[in-house]
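Hi everyone, thanks for making time this morning. I'd like to walk you through the aromatic rings in one structure, and then through the empty space inside. Have a look at this first.

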Amino acid sequence: MSILKANGIIIDYDKKNKAQALELKKIIEQNPQFFTYLLSNYKGISFTNKKSYLNIPLDMDLSTSVISTIDSFFLQTTPKKTQEELSNWLLAYTIIEKTNHPSNYNIAKLPPNFSYYYIAYLRYQVDHSKEKLLSFIFNPTIAEENALFNWLCKRSGLSLYNNLLQKEILTLSNSKKPLDLFLVNNIEKITKIISDNFSAEEQEECHQNLPLQNLTKLKKEQCDELCMEYLATIDPTLKWLEIYITAQENGHIKYTSNNRKWETISNHDDISIVAPLSGTIEDFISMIHEFSHYISLINLNIGESIPLTLIEFPALFFEKTAYDFLLSKNYPQDEIALLQEQRDSWTQENYLSVLPYLNYLSGYLKNDFKLNEYEVKNWHEVQDDYIEDQDECLNRNSFLITKHDAITKQYPYVIGSYLAQTALRKQNAAPDTLKDIIYYTENLSKTSPEEIFTYLSILSFPKEKRNILIK
């Protein structure tokens with residue numbers, strides 16, 4: 001018995017297997033990464049049936065033996081999916097790897113670029129050609145990686161695109177707890193509103209040279225007094241002021257270190273505001289924003305939810321009125337302008353992600369792309385090659401993956417900003433609007449987007465709205 005070592009991997013053989021052992025050593029040295037991972041559960045490779053080693057049968061040629069081992073490895077580590085599902089998953093995984101974007105598409109804990117071996121294995125299955133698999137494993141190159149990726153893009157690019165969009169539609173219109181049926185049923189109108197009311201051009205920041213830490217200082221007690229005065233001003237019934245005082249007394253406003261973010265947390269009946277004070281007037285703006293969320297959530301009954309279209313609307317409306325309140329109290333105009341610009345810049349960033357996503361979803365719902373096996377009742381199919389440019393298809397898939405939270409997390413701020421600005425204009429013309437917005441904020445989970453859009457004279461709605469019927 002003799003031993004060879006190839007990049008730390010032991011090859012156990014006898015005299016009659018020496019030629020095969022030397023050939024195997026050469027193969028391993030051509031691609032140590034793959035074989036190190038493949039043999040991670042073994043002490044090495046043996047031609048003599050050694051225990052704890054991967055054994056190569058004496059009556060099998062080396063290529064067949066390697067293929068058999070690889071087959072076993074991939075069958076064990078590949079998710080139990082159809083070829084179409086696996087193709088989509090692999091393409092998404094490889095895009096994530098290329099863009100260094102975290103996601104939940106992991107099919108295993110793989111070393112860098114290991115997804116290409118799975119693609120090579122998939123191509124071997126599809127083409128019934130072990131030579132294509134072995135050629136990559138024995139001699140992996142950047143050129144072959146690119147060829148494999150292009151092969152997968154051509155095979156599954158459109159299918160993945162449809163799949164990603166369908167998942168988004170299913171999430172928004174889930175029959176048990178839909179996130180926003182209004183958006184699905186009116187997506188073309190919403191897309192046009194956002195397109196018409198936000199600019200793709202970067203906004204000029206006139207107060208860039210004023211650091212946020214140089215804002216007017218505001219102690220916790222001063223912020224508290226300012227909030228109470230503001231609440232008494234907007235709500236003469238003092239109902240919101242009483243809720244604020246009670247929230248303070250009950251510890252529902254949780255002051256914390258500045259490495260947290262401002263947010264309102266709802267955990268069953270426990271609703272609280274996380275308040276990482278910065279010690280400046282920005283704390284007042286943030287508190288008013290979050291307190292508006294608090295008002296909506298404490299009136300939320302079990303089983304109720306707030307559509308994405310409305311969830312940020314009241315908070316952004318009252319945030320805008322809070323800026324005016326600071327101006328009325330003679331706080332520095334340039335500092336208030338800076339805070340407004342900070343919000344506008346955030347909205348602008350969200351818009352740049354949201355609009356393309358909405359355009360893709362709108363196109364999907366208008367049958368602009370073939371749905372492959374994902375059939376939708378009464379929808380016709382278009383030609384396979386509608387997206388003629390593979391690069392365009394890849395760009396769209398990359399966008400949908402890297403901006404996967406554009407609808408659930410960024411869309412509410414964009415549409416909410418538009419609704420808030422529209423409501424503010426209405427208030428300037430009709431002061432009683434403030435009382436209505438307070439009512440809607442308290443009853444946000446019971447208020448439909450249609451009601452708000454009608455109230456603000458934005459859209460008219462037909463009696464029958466489109467039903468999305470997905471198998």
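Let's start with the aromatic pairs: the count comes to 29 in this model, which is a predicted one. A pair of aromatic rings is described by the distance of the centres and the angle of the planes. Take Trp-240 and Phe-291 as an example: their centres are 6.2 Å apart and their planes stand at 80°, which makes the pair edge-to-face.

Where do these two rings sit along the chain? Trp-240 belongs to helix H11, residues 239-249, and Phe-291 to helix H12, residues 282-298, so the pair ties together parts that are 51 residues apart in sequence. And are they buried or exposed? Trp-240 has 0% relative accessibility, so it counts as buried. Phe-291 is at 1%, so it counts as buried too.

Now a second pair, Phe-284 and Phe-325. The ring centres are 5.8 Å apart and the planes meet at 40°, so we call this pair tilted. Here again the pair links distant parts of the chain: Phe-284 is in helix H12 and Phe-325 in helix H13, residues 313-328, with their positions 41 residues apart. Phe-284 is buried, at 0% relative accessibility, and Phe-325, at 8%, is buried as well.

Rings can also gather in groups. One aromatic cluster includes Phe-34, Phe-35, Tyr-37, Phe-73 and Phe-74, and among its other members are Tyr-117 and Phe-136.

Rings can have a lysine for company, too. Lys-98 lies over the face of Phe-149, 4.6 Å from the ring centre. In the same way, Lys-426 lies over the face of Tyr-455, at 4.8 Å from the centre of that ring.

Let's move to the empty space. Rolling a probe the size of a water molecule over the atoms shows where empty space is left. How many cavities of 30 Å³ or more does the structure hold? The answer is one, and the largest cavity has about 70 Å³ of space.

Which residues line this cavity? Among them are Leu-24, Phe-35, Leu-38, Ile-45, Ser-65, Val-66 and Thr-69. Two elements, helix H2 (32-38) and helix H3 (62-77), give two or more residues to the lining. H3 gives the most, with three. By class, the lining has eight nonpolar residues, two polar ones and no charged ones.

One last thing to spot on the screen: Phe-35 is in the aromatic cluster, and Phe-35 also lines the largest cavity. Thanks for listening!

Technical notes:
Residues are numbered from 1 along each chain as its sequence is written. This is a predicted model: local features need pLDDT of at least 70, side-chain atom pairs count only at pLDDT 80 or more; totals for chains, interfaces and linings use all residues. Side-chain values use heavy atoms; hydrogens and water are left out. Rings of Phe, Tyr and Trp (its six-membered ring) pair if their centres lie within 6.5 Å; planes under 30 degrees apart count as stacked, over 60 as edge-to-face and the rest as tilted. Helices (H or I, at least four residues) and strands (E, at least two) are DSSP runs, numbered from the N terminus. Buried means under 20% relative accessible area, exposed over 50%, partly exposed in between (1.4 Å probe, protein chains only). A charge sits over a ring if NZ of Lys or CZ of Arg is within 6 Å of the ring centre and within 35 degrees of the ring normal. On a 1 Å grid over the protein atoms alone, a cavity is a set of points where a 1.4 Å probe fits but cannot get out, and a pocket is an open set with protein on both sides within 12 Å along at least five of seven lines; lining residues have an atom within 4 Å of a point. Grid points are joined across faces, edges and corners, and a volume is the space filled by probe spheres set on the points. Ala, Val, Leu, Ile, Met, Phe, Trp, Tyr, Cys and Pro count as nonpolar, Asp, Glu, Lys and Arg as charged, and the others, Gly among them, as polar.
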